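Dear colleague,

Please find below the structure that I am handing over to you, together with its sequence. My notes on what was found in it follow.

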Amino acid sequence: QFAKPQDAVKYRQSAFIVMAASFGRIGAMVQGKAPFDAKAALQNAEVVAFMSHLPWQAFGPGTDLPDSHAKPEIWKEMDKFKADADKLQQLTPKLVAAAKTGKLDEIKVVFGETAKTCKSCHDSFREEL
Ligand code: ASC
């Protein structure tokens, strides 16, 4: 699927960047740093939900490049890594559902759970940036 390991690294980093941009836009609303815009929240939640499926395929064997911020634990504990990815993929449709209610309070709850899921996987598997 990827011609070179570096292509896989670029692919997954790009996917995370797009996902984080949309998640961050919702976060700004949740934190009161941006005005609540229900339509924008839903559009961004849909991007997060779609993107949450993409990065994991790019963590194949031989893609543990030293300057990629990915900890070697990913490849040593692939089952746990995959379980963390699955957890995110179970939560993101809930973020979409919450956004569809148009209620910031509902979005806040799922946003918080989702952010915790991001963070716990980063704590286990991402080198300090
Ligand atoms: C974000 C983002 C992350 C997560 C994480 C949650 O918006 O870019 O990596 O949330 O900070 O704790």
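Where is the place of Pro61? In this predicted model, Pro61 sits in the loop between α2 and α3 (73–76). Pro61 has a relative accessible area of 82%, so it counts as exposed, the cut-off being over 50%. Along the chain, Pro61 and Pro5 are 56 residues apart, and 8.9 Å separates their C-alpha atoms.

I turn next to helix α2, which covers residues 38–51. With 14 residues at 1.5 Å a residue, α2 should span 20 Å, and because its end C-alpha atoms are 20 Å apart, the model agrees with that expectation. The N-terminal end of α2 is capped by Asp37, a side-chain oxygen of which lies 3.1 Å from the backbone nitrogen of Lys39. The buried residues in α2 are Ala40, Ala41, Asn44, Ala45, Val48, Ala49 and Met51. They pack against α1, α4 and α5. As a general point, an α-helix has 3.6 residues a turn, so residues three or four places apart point the same way.

Ala41 may serve as an example from helix α2. Its relative accessibility is 2%, and it therefore counts as buried, for which the cut-off is under 20%. Leaving aside residues up to four places away in sequence, Ala41 touches Ile26, Met29, Phe36, Ala99 and Ile107. The C-alpha atoms of Ala41 and Asp105 are separated by 12 Å, with the two residues 64 places apart along the chain.

Thr117 belongs to helix α5 (residues 104–125). Is Thr117 buried or exposed? Thr117 counts as buried, because its relative accessibility is 7%. Not counting residues up to four places away in sequence, the contacts of Thr117 are Asp84, Lys87, Leu88 and Leu91.

Finally, I should mention the largest pocket, whose volume is about 590 Å³. It is lined by 26 residues, and the closest of these to its centre are Phe16, Met19, Trp56, His122 and Arg126. Two or more lining residues come from each of α1 (5–30), α4 (78–101) and α5. The largest share, seven residues, is that of α1. By residue type, the lining of the largest pocket consists of 17 nonpolar, six polar and three charged residues.

Yours sincerely

Technical notes:
Residues are numbered from 1 along each chain as its sequence is written. This is a predicted model: local features need pLDDT of at least 70, side-chain atom pairs count only at pLDDT 80 or more; totals for chains, interfaces and linings use all residues. Side-chain values use heavy atoms; hydrogens and water are left out. Helices (H or I, at least four residues) and strands (E, at least two) are DSSP runs, numbered from the N terminus. Buried means under 20% relative accessible area, exposed over 50%, partly exposed in between (1.4 Å probe, protein chains only). Contact means heavy atoms within 4.5 Å. On a 1 Å grid over the protein atoms alone, a cavity is a set of points where a 1.4 Å probe fits but cannot get out, and a pocket is an open set with protein on both sides within 12 Å along at least five of seven lines; lining residues have an atom within 4 Å of a point. Grid points are joined across faces, edges and corners, and a volume is the space filled by probe spheres set on the points. Ala, Val, Leu, Ile, Met, Phe, Trp, Tyr, Cys and Pro count as nonpolar, Asp, Glu, Lys and Arg as charged, and the others, Gly among them, as polar. The expected span of a helix is 1.5 Å times one less than its number of residues. A polar contact is a pair of N or O atoms within 3.5 Å; within protein, one must be able to donate a hydrogen and the other to accept it, and residues adjacent in sequence count only if both atoms are side-chain atoms.
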